[in-house]
Amino acid sequence: MNGPIKRLLLSLALSLPAATSMAQGLSAGVFLGSPMSGVTVSQYDLRLSFGVKDLGVAVDRVWNLGEWLARPDLSLMYGYTGALWVDDDNHKWGPRAGVGIAMPMGTGNIELYGEAGSTWYWQDDATFKFEGTFGLRAYF
C-alpha cells in the first residue's frame, strides 16, 4: 500500500465518532500528576492506573456525573472513588475520591482530561493530601 492510501485509512479510522468508541468502554492513556505519572487502562466504569515515574497502582470506580445526577449539562464531568498504593516513604496507600472533566478532541476517539481529588493516607502521618492529574486517553 502506498503512502496516501495509508494516510487516508488512518485518518478515517481516527475520525470515528467518540460516542461509538466510548460505548464500547475500553480506553487507554497516559497521565502526568501527583503522586504518580504513568499509564491508565479502563473498561466501562473500572479504571486501573499504573505509576511509571513514581511506582504506584490505583484502582477506581468511575461514574458520569451527568447520568448520576440526571443533568445532561454535566455529561463531560465524572467522579471517581477507589484506592491508591504508591511507593513513598511517608504515604503508601489509602482510599481516594475526586472529580474530573474530559474534553473530546474533535470528532475522534481521543480526549484530554483533568482530575482533582484527595487521598486519605493511613501510614506514619495519616493525612489527607490533595492530588491531581492531567492526561490523554483513547477509546477503542
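Which residue lies over the face of tyrosine 113? In this predicted model, that place is taken by arginine 137, at 3.8 Å from the ring centre. A second arrangement of this kind involves arginine 47, which lies over the face of tyrosine 80 at 5.1 Å from the ring centre.

Aromatic rings also meet one another. A pair of aromatic rings is described by the distance of the centres and the angle of the planes. The count for this model comes to four aromatic pairs. One of them joins tryptophan 93 and tryptophan 122: the ring centres are 4.9 Å apart and the planes stand at 70 degrees, so this pair is edge-to-face. The contact brings together distant parts of the chain, since tryptophan 93 belongs to strand β6 (residues 93-104), while tryptophan 122 sits in the loop between β7 (110-121) and β8 (127-139), 29 residues apart. Tryptophan 93 is partly exposed, with a relative accessible area of 41%, and for tryptophan 122 the value is 41% as well, again partly exposed.

Tryptophan 120 and phenylalanine 128 make up another aromatic pair, this one stacked, with 5.4 Å from centre to centre and 10 degrees between the planes. Here tryptophan 120 counts as partly exposed at 38% relative accessibility, whereas phenylalanine 128, at 59%, counts as exposed. Taken together, ring pairs link Trp93, Trp120, Trp122 and Phe128 into a cluster.

The loop between β7 and β8 also holds glutamine 123. This residue has a relative accessibility of 18%, and therefore counts as buried, the limit being under 20%. Glutamine 123 and tryptophan 93 are 30 residues apart in sequence, yet their C-alpha atoms are 7.4 Å apart in space.

Turning to the backbone, a few spots in loops deserve a look. The peptide bond that runs from serine 34 to proline 35 is cis, with omega near 10 degrees. Proline 35 has its place in the loop between β1 (26-33) and β2 (38-43). In the loop between β2 and β3 (46-51) lies tyrosine 44, a residue other than glycine whose phi is positive, near 55 degrees. Tyrosine 44 is exposed, with a relative accessible area of 58%. Alanine 70, although not a glycine, likewise has a positive phi, of about 55 degrees. The loop between α3 (65-68) and β5 (77-86) is where alanine 70 is found, and at 66% relative accessibility alanine 70 counts as exposed.

Conventions: Residues are numbered from 1 along each chain as its sequence is written. This is a predicted model: local features need pLDDT of at least 70, side-chain atom pairs count only at pLDDT 80 or more; totals for chains, interfaces and linings use all residues. Side-chain values use heavy atoms; hydrogens and water are left out. Rings of Phe, Tyr and Trp (its six-membered ring) pair if their centres lie within 6.5 Å; planes under 30 degrees apart count as stacked, over 60 as edge-to-face and the rest as tilted. Helices (H or I, at least four residues) and strands (E, at least two) are DSSP runs, numbered from the N terminus. Buried means under 20% relative accessible area, exposed over 50%, partly exposed in between (1.4 Å probe, protein chains only). A charge sits over a ring if NZ of Lys or CZ of Arg is within 6 Å of the ring centre and within 35 degrees of the ring normal.
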